[in-house]
Structures are given as C-alpha cells and as structure tokens.
Amino acid sequence: MPKLPTKSFDRSLWVFHVNTGSCNGCDIEILAALTPRYDVERFGIKLVGSPRHADALLVTGPVTRDMEDKVKRFYEQMADPKVVIVIGSCGISGGVFHESYNLVGPVDKVIPVDVYVPGCPPRPEAIIDGVVKAWMKLERLRREKK
Amino acid sequence: MLTGAFEVIWYIAASFLISLFAIPFGLLTKGIDRKLAAHMQWRVGPPVWQPFWDVKKLFQKETIVPEDAISWLYNAAPILCLASTVTILLYIPLGPFPPILEGHGDVILILYLLTIPSLAMVAGGFASSSPFASVGAQREMVLMMSYEFPLAATVIALVWKISSLYPQEAAFSLTAFARHPIWNIMGPFGIVGAIVLLIVLLLVTTGEITKVPFDIAEAETEIAEGVFVEYSGRNLGLFYLADAVKTVVMSALIVAIFFPYNLSPLLTPNISIPSWGWAIVDFLFFLLKLEIVIFFCMTFIRVSVARFRVDQVVKVYWGYLTLASLLALILIALDVML
C-alpha cells in the first residue's frame, strides 16, 4: 500500500506535465487553466519543471512506443506520495488514435492512474474539476484508512 | 570566564530567535509577493499563507537521493544554504535592534557571507550528478561573479563618504550607517550618486535572490529548475526556506544601508508610550520598509520583464550596472572633494 497524500496536499499541489503523444489540444487547455481567467494558482496548484518536485503527473495523449519507457521513468522519478491525472480521451481509451500501429495503449496500461478527465479536449473547468475529484478521492481513502 | 560562557549561550539563543523571526517572515513575504504579483496580472492568486502549506507538504514528501549523487554533499548543501543565510542576519541591524554580533563583523564580512548560500547551491547542483543541475550550477557561478562588483562598489562608495566626514567612526560597520543616514550627509552630487547606487543595489538584489529576470540558474523552462532539478522533499523544503530567508536578508541590508530611519524620533514629542512600545512600533515600521523594498526589487521587476539569456545577464551586471556604480562612485568622489 503506497503512502497516502496528507491533508497539506489539498492546499498545495505541484504538477508536472508530460505529453505522451497527444495532438497538443489538451496541452493548450492545461495552459489555459493556468491563465489569469481560470488561475489555478489560487488553489495552490503550480506547474513545476522537474518530476522530482511534483505531486501530480498530468498525462496527455495515448502512449506511443517511443514514450513508453519515458513515462514510466517520469512516474518512478516522482517522490512519494504521488497521483497521476490523465487529461483527454486519448489517454483514457486511445481516442481517435485507438487503432494506430504506433500505440502501446492508453495510459493506464503503462502506469497506475488515479483520475481520468474525459474530453477532446476537456475544457479548463473540467481539468480543475478533475483535480478536485482527485482531492475528494484522497479524502475518501484517508477516511477509509482510519 | 563565566561571562564568556554566558555570551556563547546568548549567541546560540539569539540565533534561534533570529530563525524563529526570519523563517516565518520570509515565508509570509513570499506569500505577499505571490499575491501582489497575481493582482498585478489581474488574477486572484494564492492565499498569503500558501508558502507555509508548500513547505509543510515538502517536508512530508519522500526525499530522494539519486544513485550517482555524492550523497553527503547532496544532503549537506540545503542545510549549509539555510544556516549560512540565517547567519548573515546576525550581522544586520533589525530596525530598532542593533545586530546581535555587533562589533564582530562589518559590511565586508556580509559581502563575503552572501556568497556562501550561492556556493552551497552550486555544490548541491554539482553533487546531484544531473546534467541539468551542472548547467544550473555553472550559471549560478556566472551570476555570482557578475553581481559581485556592483555590490562591492555600492558599499565602498558610501563608506568612503562616511569615513571622510567621520574619521573616528568604524566606517564599515552597519551601525555607522544607522548613526549617519546617507541622505542627511550627502551634497547634491552625492544625492544623485546615492540614488544611482540604490537602483544598482535593488537590481543586484534581484540577482542575489535569483528571481526573474536573473533566474538563469533555475530557469524551469530551459533547464528544468537547474540546480534544484534532483532535489525533492525535505531537501527542497530547506532550499525553499533558505530562499525565503535570503529575501529578508537582502532587503534588510538595503534598509540598513539606505533607510536606517526609525519612527520614534519623529513621533516621541507628540505621543507618549513606554520605550518597549516604541521598540515594537519601530520594528513594525522596519517590517513595512522590508516589504516595500521587496516589492520593488522582486515583485515589480518579476512581473514586468521576462528572463534574460546568460550572456545578457552578464552584460547587464558587468556592463550597465558596473558602469552605473562607477559613475556614482565618481559623483560621490566629487561630493567628498567639494
């Protein structure tokens, strides 16, 4: 059983974004969530440049053959406790690329995923909602553990 | 003998007190900075207490030491960085209170001590055996060498003026600056020179605390947080605290050199409260001065401009700011001679 994130993660969540082969649509929506209009920094969410600093891994896109070992390494480089959030339909099911010869498969075939945010691409509101869902899930898990 | 032992115990207790003040205040300052920056960008921004939550979370996370890293140096660097930063505060007067190690060191010592946190970051960067961290450490060294000269020139010019007017004072001590505020003793040339030096020192501070536009050492978009790339958990939290304290240190230095004024001499004739009350008023006024200085040298610059390239940083410091500080030195020399 991995260590559960404590309550202070609800107030401060540093995310690292990795593109495993998406079309860039979801990436732009993630950046839109950081703009002054949506401003996720007010919830303590910050984009960081190194997986070592991150608490959450944002994955966009289906996993291509080239990215398979890299996304595994990103996941392993992150310090415990950590969560993985998949943004967009491609990462959930393969989306429009589901039959491509180039794919290993959806993200949850490669690394364990905690939250799925569907959409092609999901709106910034949906991404924020996904993070809130992740916090609620943690809350539930913490209660069950007690 | 007994007084010697007592003195040592007092220094240890005072160091604890200083860290108890500097760490929470530094974190609060970081929070205020983020809130103000957010408002300047037309957003709501994180709550002022956000840095406290960040640090609490970082201390609860796993601390990873990379396999190839030199682990003792890798783990020692954050502690060294925080400890040396707190040590500098022992030599700087905090508003109405004289420095705790008064008489043991002067501005020259502070200039040397200021390089130690940067050197600790460089050592940590090289010890973490990541190419990104190595590049970051090299950039940190370039930055350090660039801002050293304007910083030294600023201090020397002001000390020259004080020592020419008051030869009996120990001119390099910060209490001499407090006794003779430079704006009161300068002539017209000297005032212009001092304003130039103030601007130079504000820009040097931005580099010293490695904030945009001089944050080439931790540029997260190019070299993935640079020197900190491999750090996580507790070690990263200690660096975060050291950064917060360093902000307080640099702004306290600017306040001590340029604005050593207290409210009490101005208000004592009108209002009567006991002397400890004045100490509190002066200390709060000092904190206000710190926040104003930090606003101009950190928040305002940070939201106004983008990051410089490495060569541009060197050009700004070794070119423009060095020229400006030399010009100010000439102006103050004229002031001393006339």
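A nonpolar core is a set of buried Ala, Val, Leu, Ile, Met, Phe, Trp, Tyr and Cys residues joined through C-beta atoms within 7 Å, where buried means that 20 or more other C-beta atoms, placed from the backbone, lie within 10 Å of the residue's own. The model is predicted, with local features needing pLDDT of at least 70 and side-chain atom pairs counting only at pLDDT 80 or more, while totals for chains, interfaces and linings use all residues. Residues are numbered from 1 along each chain as its sequence is written, and chains are lettered from A in the order in which they are written.

Select first Ile92(B), Leu197(B), Val245(B), Val249(B), Ala252(B) and Leu253(B), which have the most contacts inside the largest nonpolar core, a set of 92 residues. Next, colour helix α11 of chain B, residues 233-258, which supplies the largest share of this core with 18 residues; helices here are DSSP runs of H or I with at least four residues, and strands are runs of E with at least two, numbered from the N terminus.

Now centre on Val245(B), whose contacts (C-beta atoms within 7 Å) include Ala22(B), Ile23(B), Gly26(B) and Leu82(B), leaving aside residues up to four places away in sequence. A second, separate core has 35 residues, among them Val15(A), Val59(A), Val84(A) and Tyr116(A).

With chain A in view, look for its four helices and seven strands, and note that 45% of its 146 residues count as buried.

Finally, go to Leu109(B) in helix α4, residues 107-113 of chain B. Leu109(B) counts as partly exposed because it has 15 C-beta neighbours inside 10 Å, a class that falls between buried and exposed, the latter meaning 12 or fewer.

Definitions and conventions:
Contact = placed C-beta atoms within 7 Å.
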